[in-house]
Amino acid sequence: MKERFLLRRVLDPTKVTEYVKWHKNVPEGLMDIYRKVGVTDLSCFLCENDLVVFMEVDREIYQQHRHELASDPIDTQWQSLMATLNEPNYNPLEYNEVFRM
């Protein structure tokens with residue numbers, strides 16, 4: 001069964017261009033890792049420095065394997081890099097889907 005959710009972050013306004021640049025050249029293998037842990041769709045949306053990440057996952061696979069991301073060197077390096085682009089004092093929000101047409 002598929003599950004969809006949104007993650008919201010606020011980027012440092014001075015680093016939006018860098019964020020976009022990195023996403024035009026995602027590290028080789030990163031999407032393979034996400035697919036392996038059950039991510040079936042992933043999109044990033046920007047409005048100025050407000051970032052929303054849409055994810056769709058295969059719930060069963062994702063619940064069983066998402067912990068593997070924490071030990072994967074490609075994802076760990078990517079997440080560390082992305083963290084440097086966030087607004088320093090902003091806590092990310094996760095939205096769960098409550099309705100879909």
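E48 has a relative accessibility of 70% and therefore counts as exposed; exposed means over 50% relative accessible area, buried means under 20%, and partly exposed lies in between, with a 1.4 Å probe and protein chains only. The model is a predicted one, in which local features need pLDDT of at least 70 and side-chain atom pairs count only at pLDDT 80 or more, while totals for chains, interfaces and linings use all residues. Residues are numbered from 1 along each chain as its sequence is written, and side-chain values use heavy atoms, with hydrogens and water left out.

E48 is found in the loop between β2 and β3. These two strands form a hairpin with two residues between them. Although E48 is not a glycine, its phi is positive, at about 55°.

The strands named here are DSSP runs of E with at least two residues, numbered from the N terminus. Two strands pair if DSSP finds at least two bridges between them. The table lists the pairings.

| Strands | Bridges | Direction |
|---|---|---|
| β2 (residues 39-47) and β3 (residues 50-58) | eight bridges | antiparallel |
| β1 (residues 2-10) and β3 | nine bridges | antiparallel |
| β1 and β4 | four bridges | antiparallel |

Single residues show how the strands meet. V53 in β3 is the bridge partner of C44, and L7 also stands opposite V53. In β4, Y95 is the bridge partner of L6.

L6 and Y95 appear again at the surface, where they and L93 make a nonpolar patch of about 250 Å². Patches are made of residues with over 30% relative accessible area and no salt bridge, and nonpolar side chains (Val, Leu, Ile, Met, Phe, Trp, Tyr) are joined within 5 Å, like charges within 9 Å. Accessible areas come from the Shrake-Rupley method with a 1.4 Å probe, and for residues only the protein chains shown count as cover. L93 lies in strand β4 (residues 93-96). Because its relative accessibility is 38%, L93 counts as partly exposed.

Which side chain of opposite charge is nearest to E56? It is R100, 4.1 Å away, and E56 is buried yet has no salt bridge. A salt bridge is a side-chain nitrogen of Lys or Arg within 4 Å of a carboxyl oxygen of Asp or Glu. Lys and Arg count as positive and Asp and Glu as negative, whereas His and the chain ends are not counted. E56 is placed in strand β3. Not counting residues up to four places away in sequence, E56 touches K2, E3, R4, G38, V39, T40, D41 and R100, where contact means heavy atoms within 4.5 Å.
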